[in-house]
Amino acid sequence: MIESTTPRGSVPGLPDPGRCLVMGVVNVTPDSFSDGGAWFDATAAIRHGVRMAEEGADIIDVGGESTRPGAQRVPLEEELRRVKPVVHALVAEGLVVSVDTMRAEVAQFAIDAGARLVNDVSGGLSDPAMPRLVARARVPYVLMHWRGHSHDMQSRAVYGDVVGEVRDELAQRMAAAVDEGLDPELIVLDPGLGFAKRPDVPEHNWTLLAHLAELRSLGRPLLIGGSRKRFLGRLLADAAGEPRPFAESDDATVAVTALAAAAGAWCVRVHEVRPNADAVRVAEAWRAGIEGRGGAR
Ligand code: PMM
């Protein structure tokens, strides 16, 4: 685990309120992993984004393609059709908008429309044009650990040492992005919980969460996306072993947020903003309590 006083880092051009950031998720999709369909309508998605900002979200992450395990790809035109009105409206509301996309064309649209962060779950592997695009635009870039598209990603969840391999693969992707001209200061790293990570045996997600320090040793801020993921549903399975439904794992998500923020995560990506924003404040008070003793910095 990261020492509780590990600096979380900051990213030029993004909020720096002196605590872990809260990123609220708006999935403009009919079939997302955890909130499939709820915000597919643009008007509902926009209202949801605004409400999350009112509840304390620092960044609103807008995505038009589901990445749930087994999902098939959405055509480019459809992804653009989904995200365009939502990105435009949330930027017009003055919010800090992030676009969750693996496509350079969608990222380009969003940057031109005023988005301040590109969240690429493929870490530049899905669309090789992505790193150069964000480098030229000089926008912050979330580079997530990824081993392949959703339809077969779980078959790639094979590791000897999950922490070491995720760290090394993130380092390789970061070097590749920097080779394309991206300023390393603009890179945020993400272990990609649930993406080519097993929720059963061997369990990969908890191992990564418990070793954030090793990922933080790459020198970049960390974003953690554990909200409503399968590994939480499994943890909370009933006596018959039936996993808890996604939307009923929000309390467990809040616990992960508190632990990750206390451990020095830079940002948590969540579906329910208010309780997670509270958890971040608890974690920050805890960190301040440690420092208050005059100990480590
Ligand atoms: N997870 C999902 C989508 N986008 N982006 C980042 N950076 N990290 C994640 O863990 C992540 C992501 C899938 O979850 P959802 O379908 O509930 O949005």
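**Stop 1: strand β2**

Select residues 59-63, strand β2, in this predicted model. Look at which way the residues point. I59, D61 and G63 face one way from β2. I60 and V62 face the other way. Are these residues buried or exposed? Both sets are buried. That makes five of five residues in β2, so the strand counts as mostly covered.

**Stop 2: the neighbours of β2**

Add residues 21-27. This is strand β1, and five bridges join β1 to β2. The two run parallel. Pick out V25 and find its bridge partner in β2, which is D61.

Now add residues 97-100, strand β3. Four bridges join β2 to β3, again in parallel. Which residue of β3 stands opposite G63? The residue is D100.

Next, show residues 76-92, helix α2. With α2 in view, you have a β-α-β unit made of β2, α2 and β3. The unit is right-handed.

**Stop 3: the whole sheet**

Show every strand. How many strands does the open sheet have? There are eight, and the pairing is parallel. Read across in this order: β6-β5-β4-β3-β2-β1-β8-β7. Stop at the edges, where β6 (187-190) and β7 stand. Each has a single partner strand, so one side of each is left without a neighbour in the sheet.

Select β4 and β5 (residues 141-144). Three bridges pair them in the parallel sense. Zoom in on D120, which stands opposite L143 in β5. Then add helix α5, residues 162-179. Helix α5 packs on the sheet and touches β5 and β6. Compare directions: α5 makes about 160° with β6.

**Stop 4: helix α3**

Select residues 104-113, helix α3. Seven of its 10 residues are buried, and the helix is mostly covered. Colour the buried ones: A104, V106, A107, F109, A110, I111 and A113. What covers them? The surroundings include α2, β3, β4 (117-120) and α4 (130-137). Here is a general point to keep in mind as you turn the view. An α-helix has 3.6 residues a turn, so residues three or four places apart point the same way.

Step past the end of α3 to G114. The phi of G114 is positive, near 110°.

**Stop 5: helix α9**

Move to residues 250-262, helix α9. Helix α9 has 13 residues. From first C-alpha to last, α9 reaches 18 Å, close to the 18 Å expected at 1.5 Å a residue.

Colour the buried residues of α9: D250, A252, T253, V254, V256, T257, A260, A261 and A262. Which elements do they pack against? Four are helices: α6 (205-209), α7 (212-216), α8 (230-235) and α10 (273-292). Strands β7 (223-224) and β8 (267-270) complete the list.

Just after α9, click on G264. This residue takes a positive phi of about 105°.

**Stop 6: salt bridges**

Switch to side chains. Side chains of opposite charge can pair when their charged atoms come close. How many salt bridges does a search of the whole structure find? The search finds 21.

Start with R51 and E55, which meet at 3.1 Å, N to O. R51 has 37% relative accessibility, so R51 counts as partly exposed. E55 is partly exposed too, with a relative accessible area of 23%.

Next, select E169 and R147. The closest N and O atoms of this salt bridge are 2.6 Å apart. The pair links distant parts of the chain. E169 sits in helix α5, while R147 lies in the loop between β5 and α5, 22 residues apart.

Then show D168 and R167, a salt bridge at 3.0 Å, N to O. D168 has a relative accessible area of 37% and is partly exposed. R167 is at 23% and is also partly exposed. Finally, select R8, E284 and R287, which are joined into one network by salt bridges that share partners.

**Last stop: P12**

Find P12 in the segment before β1. P12 is partly exposed, at 45% relative accessible area. Now draw a C-alpha to C-alpha distance from P12 to V139. The two are 127 residues apart in sequence, but 8.8 Å apart in space. What does P12 contact, leaving aside its neighbours within four places in sequence? The partners are P140, E185 and L186.

How values were computed. Residues are numbered from 1 along each chain as its sequence is written. This is a predicted model: local features need pLDDT of at least 70, side-chain atom pairs count only at pLDDT 80 or more; totals for chains, interfaces and linings use all residues. Side-chain values use heavy atoms; hydrogens and water are left out. The expected span of a helix is 1.5 Å times one less than its number of residues. Buried means under 20% relative accessible area, exposed over 50%, partly exposed in between (1.4 Å probe, protein chains only). Contact means heavy atoms within 4.5 Å. Two strands pair if DSSP finds at least two bridges between them. A crossover is right-handed if, with the strands pointing away from the viewer, the path from the first strand over the helix to the second runs clockwise. Axes are lines fitted to C-alpha atoms, for helices over the stretch in contact, and angles run from 0 to 180 degrees between N-to-C directions. A salt bridge is a side-chain nitrogen of Lys or Arg within 4 Å of a carboxyl oxygen of Asp or Glu.
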